[in-house]
Structure formats: C-alpha cells, structure tokens
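This report is meant for a reader who is meeting the structure for the first time. It moves from the whole chain to the sheet, and from there to single strands and residues.

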Amino acid sequence: DRSIKIAPSILSADFANFGQEIQAIEAQGADWVHVDVMDGHFVPNLTFGPPLCKAIRPHIKTVMDVHLMIAPVDPYIEAFAEAGADVLTAHLEAGPHIHRTLQAIRAAGCKAGLALNPGTGLDALTHLLDMIDLVCIMTVNPGFGGQKFIHSQVDKVKTLRAMIGDRPIHIEIDGGITPETAPLMAAAGADVLVAGSAVFKGGSVADPAPYGANIRAI
Ligand code: DX5
Ligand code: ZN
C-alpha cells in the first residue's frame with residue numbers, strides 16, 4: 001500500500017558508504033530516511049551523533065527522520081536541528097520533562113516526534129497531543145536492528161489512531177517490520193513504517209535492486 005511511507009533505517013546500511021546507501025534507497029523508493037541515534041545509556045548500544053547527521057544530510061532528498069534513543073535529550077536538540085533533522089523524535093521514557101523537550105524540538109524548527117517503548121502505555125499522550133507531529137510506537141525494545149516484532153503493539157496502535165482523531169499526527173512503527181507484519185500495522189492505522197533489516201537484506205550499493213524489491217514487498 002503506497003499511501004504508507006517506508007522509512008529505511010540506516011542502522012542496517014553499510015556504514016562505510018552512507019552517502020551511496022542513502023542515494024540507493026531513495027532511488028529504490030524510500031519515502032523517508034530513518035537515523036537511529038543511540039547513546040549506550042538510554043539503550044545498550046552506540047551509534048551516531050550530530051556530525052554524522054550533518055555529513056549525510058546533503059545526500060537526503062526526502063525527509064531526515066532522526067530517532068533519539070538518548071537521555072538526556074535537551075542538551076542535544078539544537079545540534080541535531082542544526083545538523084538538518086526534519087523530524088526529531090524523543091522517547092517519553094527519556095526523562096521527567098517530555099513536555100519541555102517537545103516544546104524545545106518545535107522551537108528549534110523541527111517536527112516533534114514522541115516515541116513510546118513497548119512497555120509504555122498511551123495515557124501520558126493525553127496532554128501532549130497538541131504538541132506533537134508524530135508518535136513512534138516501538139514494536140521492539142530499542143537498541144538493535146533485526147529483532148522480532150512484538151504483536152501486543154497492534155492493539156495499541158488501533159487505540160492510538162482513535163485517540164488522535166483528526167489531528168495531523170503521523171503514526172510511525174519502528175522494529176521488526178517485514179512483509180508479514182507491515183499489513184497488520186497499516187490496518188491498525190499506522191502511516192510510516194521504519195524498516196532496517198527487511199529493506200537492506202540481499203542488496204548492496206553495488207547491487208541496490210533488492211532494496212527496491214524489499215521496499216515494494218513491505
Ligand atoms: C531499534 C531501531 C530501529 C531498528 C529497526 O532500536 O530504532 O529503527 O533499526 O530495525 P529492524 O527493521 O531490523 O527491526
Ligand atoms: Zn528507530
């Protein structure tokens with residue numbers, strides 16, 4: 001279903017060739033480019049920071065969707081905005097002042113995203129819906145690509161879709177998206193699907209055609 005946006009996660013790309021990998025996935029039909037920022041503290045893995053985002057920004061023609069799996073968040077918002085993030089997503093679980101964080105993200109000129117871990121309920125969204133542009137429902141525990149989809153999140157997305165009503169808020173799903181799990185989330189009301197391993201498997205910058213086949217299969 002092409003009304004659904006596919007956002008390949010470059011966590012599954014060839015780290016020695018980010019520029020070419022991004023050009024390849026966009027040429028093969030990616031709608032957004034998802035960048036997983038991990039700090040070795042909020043999640044048990046380390047990836048990239050603002051300098052990497054800034055370096056890849058000129059290669060991205062679509063949307064740079066930056067997923068911050070870091071705590072604290074606030075000291076780094078300005079740097080990621082300056083690096084060219086279009087969407088900047090922070091985790092609800094990253095600190096006690098998510099309201100302030102979301103205000104700061106919009107003040108920095110980015111779309112504000114709010115990510116929820118699989119164990120986090122939707123209740124806390126009630127007072128935040130008017131300050132967010134995207135909700136990211138994690139369908140794995142964040143930290144690594146290639147994990148198994150957590151099915152309990154399908155009903156959560158249906159409930160979220162009803163909560164959002166007419167508001168112009170994207171519902172993004174992140175983790176374990178495959179041709180099998182994607183239709184469940186599309187039916188539940190998601191409109192942006194992040195996929196890492198399922199997009200990059202079988203392809204390379206030398207042979208990017210599998211990326212396109214993988215994107216179309218989702
Ligand atoms: C997980 C990341 C995801 C991950 C998705 O912490 O936020 O974006 O890269 O990878 P797959 O699609 O392989 O589950
Ligand atoms: Zn992510």
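Among contacts in the protein chain between residues at least 6 apart in sequence, what percentage join residues at least 24 apart? The share is 64%. This value, like every other one here, comes from a predicted model.

**The chain as a whole**

The secondary structure of the protein chain comes to eight helices and eight strands. Its C-alpha trace spans about 45 × 35 × 30 Å along the principal axes, and buried residues make up 42% of the 218 residues. The radius of gyration of the protein chain is 16 Å, which agrees with the value near 17 Å that a compact globule of 218 residues would have.

**The sheet**

The eight strands form an open sheet in the order β1-β8-β7-β6-β5-β4-β3-β2, and the pairing is parallel. At the edges lie β1 (5-8) and β2 (33-38), each of which pairs on one side only. Direction ignored, neighbouring strands of this sheet are turned by 25° against each other on average. As a general point, strands of a sheet pair through backbone hydrogen bonds, either parallel or antiparallel.

The table gives the bridge counts for some of the strand pairs.

| Strand pair | Bridges | Direction |
|---|---|---|
| β1 and β8 | four bridges | parallel |
| β7 and β8 | three bridges | parallel |
| β5 and β6 | four bridges | parallel |
| β4 and β5 | five bridges | parallel |
| β3 and β4 | three bridges | parallel |

**Strand β4 and its neighbours**

Strand β4 (residues 87-91) is mostly covered, since five of its five residues are buried. Val87, Thr89 and His91 point one way from β4, while Leu88 and Ala90 point the other way. This fits a general rule, by which the side chains in a regular strand alternate between the two faces of the sheet.

On the side of strand β3 (residues 64-69), histidine 67 stands opposite threonine 89 in β4. The chain crosses from β3 through helix α3 (residues 77-82) to β4, and this β-α-β crossover is right-handed. The loop between β3 and α3 holds proline 72, and a cis peptide bond, with omega about 0°, joins alanine 71 to this proline 72.

On the side of strand β5 (residues 111-116), alanine 90 stands opposite leucine 114. A right-handed β-α-β unit is made here too, by β4, helix α4 (residues 98-107) and β5. One step further along the sheet, leucine 116 has isoleucine 137 in β6 as its bridge partner.

**Alanine 90**

Is alanine 90, a residue of strand β4, buried or exposed? Alanine 90 is buried, because 29 other C-beta atoms lie within 10 Å, where 20 or more are enough for a residue to count as buried. Not counting residues up to four places away in sequence, alanine 90 touches Leu68, Val73, Ile98, Thr101, Ile105, Leu114 and Ala115. Threonine 178, by contrast, is 88 residues from alanine 90 in sequence and 24 Å from it in space, C-alpha to C-alpha.

**Strand β8**

Strand β8 (residues 192-195) can be read in the same way as β4, with Val192 and Val194 pointing one way and Leu193 and Ala195 the other, and with all of these residues buried. Towards β1, lysine 5 stands opposite valine 192 in β8. Towards strand β7 (residues 170-174), the bridge partner of isoleucine 173 is leucine 193 in β8. The chain passes from β7 through helix α6 (residues 182-188) to β8, and this β-α-β crossover is right-handed.

**The nonpolar core**

Which residues have the most contacts inside the largest nonpolar core? They are Val33, Val66, Ala85, Leu88, Val135 and Leu193, in a core of 67 residues. Strand β6 (residues 134-138) gives the most to this core, with five residues. Two of the named residues have already appeared, Leu88 as a buried residue of β4 and Leu193 as a buried residue of β8. Valine 33, another of them, is in contact with Ala7, Pro8, Ile10, Ile22, Ile60, Thr62, Val63, Met64 and Asp65, leaving aside its neighbours within four places in sequence.

How values were computed: Residues are numbered from 1 along each chain as its sequence is written. Chains are lettered from A and ligands numbered from 1 in the order in which they are written. This is a predicted model: local features need pLDDT of at least 70, side-chain atom pairs count only at pLDDT 80 or more; totals for chains, interfaces and linings use all residues. A residue is buried if 20 or more other C-beta atoms lie within 10 Å of its own, exposed if 12 or fewer, and partly exposed in between; C-beta atoms are placed from the backbone. Two strands pair if DSSP finds at least two bridges between them. A crossover is right-handed if, with the strands pointing away from the viewer, the path from the first strand over the helix to the second runs clockwise. A nonpolar core is a set of buried Ala, Val, Leu, Ile, Met, Phe, Trp, Tyr and Cys residues joined through C-beta atoms within 7 Å. Two residues are in contact if their C-beta atoms, placed from the backbone, lie within 7 Å. The radius of gyration is taken over C-alpha atoms; the globule rule is 2.2 Å times the number of residues to the power 0.38. Axes are lines fitted to C-alpha atoms, for helices over the stretch in contact, and angles run from 0 to 180 degrees between N-to-C directions.
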